[in-house]
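Got your viewer open? Load the model and let's take a walk through it, one selection at a time.

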Amino acid sequence: MTALTFLFIYYLGKPVFVSRGISDRRRFFAALTLGIILETIVFSYTGTMGYKL
């Protein structure tokens, strides 16, 4: 889930980040952070989080 979100934000969102002058490094970490946040929200809502032991 995080990887899919990362790919969408990193590659498809490139024109948005480039037009605002954001570097590739910041774009990478923004995509990674948003992916992790989205994964946590979705899996905590559905209750199927794989982090439970």
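What do the buried residues of α3 pack against? Select α3 and look around: the buried residues of α3 pack against α1 and α2 (14–19). Before going on, some ground rules: this is a predicted model, where local features need pLDDT of at least 70 and side-chain atom pairs count only at pLDDT 80 or more, while totals for chains, interfaces and linings use all residues. Residues are numbered from 1 along each chain as its sequence is written, and side-chain values use heavy atoms, with hydrogens and water left out.

**The whole protein**

Switch to cartoon view. You should find 3 helices and 0 strands, running α-α-α from the N terminus. Helices here are DSSP runs of H or I with at least four residues, strands are runs of E with at least two, and both are numbered from the N terminus. Of the 53 residues, 19% are buried; that label means under 20% relative accessible area, with exposed being over 50% and partly exposed in between (1.4 Å probe, protein chains only). Now turn on the surface: about 4,300 Å² is exposed, and carbon and sulfur atoms supply 69% of that. Areas come from the Shrake-Rupley method with a 1.4 Å probe, and for residues only the protein chains shown count as cover.

**Along α3**

Select residues 24–46, which make up helix α3. Its 23 residues should span 33 Å at 1.5 Å a residue, and the end C-alpha atoms are 33 Å apart, so the two agree; the expected span is 1.5 Å times one less than the number of residues. Colour R27, A31, G35 and E39: they are buried in α3. Just after the helix comes G47, with a positive phi near 80 degrees.

Now pick D24 and R27. They form a salt bridge whose closest N and O atoms are 3.6 Å apart; the term covers a side-chain nitrogen of Lys or Arg within 4 Å of a carboxyl oxygen of Asp or Glu. A search of the whole structure finds 1 salt bridge. Both partners sit in α3, 3 residues apart, about one turn of the helix. R27 counts as buried because its relative accessibility is 4%, whereas D24, at 46%, is partly exposed. Measure from D24 to Y10, C-alpha to C-alpha, and you should get 8.9 Å across 14 residues of sequence.

**Over to α1**

Select T5, in helix α1. T5 has 10% relative accessibility, so it counts as buried. Leaving aside neighbours within four places in sequence, T5 is in contact (heavy atoms within 4.5 Å) with L34, G35 and L38.

Next, F8, in the same helix, residues 2–12. At 48% relative accessibility, F8 is partly exposed. Add L4, L7, Y11 and L12 and you have a nonpolar surface patch of about 560 Å². Patches use residues with over 30% relative accessible area and no salt bridge, joining like charges within 9 Å and nonpolar side chains (Val, Leu, Ile, Met, Phe, Trp, Tyr) within 5 Å.

**Last stop: the rings**

Show F6, Y10, Y11, F28 and F29 as sticks; ring pairs link them into a cluster. The whole structure has 5 aromatic pairs. Y10 and Y11 make an edge-to-face one, 5.0 Å centre to centre with 90 degrees between the planes. F28 and F29 are also edge-to-face, with centres 5.1 Å apart and planes at 80 degrees. Rings of Phe, Tyr and Trp (its six-membered ring) pair if their centres lie within 6.5 Å; planes under 30 degrees apart are stacked, over 60 edge-to-face and the rest tilted. Y10 is buried at 15%, while Y11 is exposed at 53%.
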